Amino acid sequence: MIKIAENALNRAMEFNQAATTVINNAADWLYKNDELILADRTNYDVVHDTGLVKLRRYKPLSEKRLEMADGSSIAVQKNTHRVPLVIVPPLAVNMLIYDLFPHQSFVKYMRAAGFDVFLIDWGKPSRKEAHYNYGTYVNELMPGLIEKVCEITGEDEVSLQGWSMGGQFCLLYAGLTENSHVKNIITVASPINSHASGPQGKMWNMILNGPASMIRKYTSFRVHKLNPSWLQVPGWANSLGFKLTDPVGTLRGYWELVINLADREFVQNHLTRSAFLDGMVAYPGGVIQDTTIKVWLDNQFHTGKVKIGERESDFRSIKASLLGFGGSSDVMVTAAAARGVMDVVESDDKQFVIAPGGHMGVFVSSKAIANNWAVCADWLADRSN
């Protein structure tokens, strides 16, 4: 009887301890989530600040070797490559995605690989920036930011890396001017031939050759005549849209959180990923106007010439070395749509890689470390000295 009582007491104590852990983790998840988020831990300096847009420069790492989430590791080098790397993010995302976990951080990996790493933080546009369009970013903001990088480093050349819309911005900027300082360009899952982007591309092609064609022919209605503030897409809508690309996976993630509340590490990892998805920012209305016409309806990027205000960005004038990536299971920007970059940039040095993953996974999953980041580092190393 004594033994039975002792076992019952031990089980009760274990249950009480587990329940306490679950309650504490749940409370921290709800009320102290900033303390649990593992993202954005790599040190950097803000070297330029417009009030909205900031330019980050990442500091040298203190580690001698960087252990990665996929089990690999990389020896930490000092600045061994002459040409600095400038990361050009897409709009709508927050910057946590580039430094998501200590062992799954793109900026940290590239810093360890010996690159002087800069990142453009586009900030959080409000209604007063609703008029911002492609020209604002690539013709007004990027030139000053790239000049600042050259001024700080003393170099007259840079490498640009852009995921999704960020890759479009890299091409638009490089195609606007011959004196763009761009030596190398890396695009990741960037929609260049949008009409090749699966069912979505076919739908827009049908709209172009059907309703849009009729509207243009018989009416004076034009998307760019609308007030951009009417088209501003708030951050919460971008977050929701991203989650709806995989609704089952989103629901599964929350269910897994519930059943793993006793696991502190699991709660931290879930909260860190959620911080990125839940913290997306607004799309300016002017960008929505440009994307609707230039990307989806007219598919201008695949022509190699995109009108930016009174100027024209000509991709065929780009002489920079080019590395393009497409995601093998990307349904937002299919590999075929991303591969279009090979048709419009006439550089003698260009390469396209299909890597595992969807639109986000191709760049930030653990598989991306070997199939994207390492490929980028090796490719750039040969072209950055």
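Student: Which residue stands opposite Thr187 in E11?

Tutor: In this predicted model, strand E8 covers residues 182-188 and strand E11 covers residues 321-327. The two strands pair in the parallel sense over 5 bridges. Within E11, the residue that stands opposite Thr187 is Gly324.

Student: Which strands are the edge strands of the open sheet?

Tutor: The open sheet has 8 strands with mixed pairing, in the order E1-E2-E6-E5-E7-E8-E11-E12. From one strand to the next, the twist averages 20 degrees. An edge strand here pairs on one side only, and this description fits strand E1 (44-49) and strand E12 (350-355).

Student: At about what angle does helix H5 run to E7?

Tutor: Helix H5 is formed by residues 165-176. The helix lies across strand E5 (85-88), strand E7 (158-163) and E8. Relative to E7, helix H5 runs at about 140 degrees.

Student: Is the pair of Tyr109 and Trp373 stacked or tilted?

Tutor: The protein has 13 aromatic pairs. In this one, the ring centres of Tyr109 and Trp373 are 5.9 Å apart and the planes stand at 55 degrees. Planes under 30 degrees apart would count as stacked and those over 60 as edge-to-face. Because the angle of 55 degrees falls under neither heading, the pair of Tyr109 and Trp373 is tilted.

Student: How many residues apart are Tyr109 and Trp373?

Tutor: Tyr109 belongs to helix H3 (residues 106-112), and Trp373 belongs to helix H16 (residues 366-381). Tyr109 counts as buried at 8% relative accessibility, and Trp373 counts as buried at 1%. The pair links distant parts of the chain, with a separation of 264 residues.

Student: What kind of aromatic pair do Tyr134 and Phe301 form?

Tutor: Tyr134 lies in helix H4 (residues 134-153), while Phe301 lies in the loop between helix H12 (285-297) and strand E9 (305-308). Both residues belong to one aromatic cluster, whose members include Trp122 and Phe315. Their ring centres are 6.3 Å apart with 70 degrees between the planes, and the pair is edge-to-face.

Student: Is Arg56 buried or exposed?

Tutor: Arg56 lies in strand E2 (residues 54-58) and its partner Asp40 in the loop between helix H2 (33-36) and E1. These two residues form a salt bridge, with the closest N and O atoms 3.5 Å apart. Asp40 counts as partly exposed at 30% relative accessibility. Arg56 has 6% relative accessibility, so Arg56 counts as buried.

Student: Which residues are linked with Asp40 in a network of salt bridges?

Tutor: The count of salt bridges in the protein comes to 11. Asp40 takes part in one of them with Arg56. The network that holds Asp40 links this residue with Arg56 and Asp121.

Student: About how many helical turns separate Lys148 and Glu151?

Tutor: The side chains of Lys148 and Glu151 meet in a salt bridge of 3.6 Å, N to O. Lys148 counts as partly exposed at 21% relative accessibility, whereas Glu151 counts as exposed at 60%. Because the two residues are 3 residues apart in helix H4, their separation is about one helical turn.

Student: What percentage of the residues in the protein is buried?

Tutor: The secondary structure comprises 16 helices and 12 strands. The protein exposes about 18000 Å², of which carbon and sulfur atoms supply 55%. Out of 385 residues, the buried share is 50%.

Notes: Residues numbered from 1 in each chain as written. Predicted model: local features only at pLDDT ≥ 70, side-chain atom pairs only at ≥ 80, totals over all residues. Heavy atoms only, no water. Phe/Tyr/Trp six-rings, centres within 6.5 Å; stacked < 30°, edge-to-face > 60°. Helix = DSSP H or I, 4+ residues; strand = E, 2+ residues; numbered from the N terminus. Buried < 20%, exposed > 50% of the residue type's maximum accessible area, 1.4 Å probe, protein only. Areas by Shrake-Rupley, 256 points an atom, 1.4 Å probe, with all protein chains shown as cover. Pairing = 2+ DSSP bridges. Axes fitted to C-alpha atoms, helices over the stretch in contact; angles between N-to-C directions. Contact = heavy atoms within 4.5 Å. Salt bridge = Lys/Arg side-chain N within 4 Å of Asp/Glu carboxyl O.
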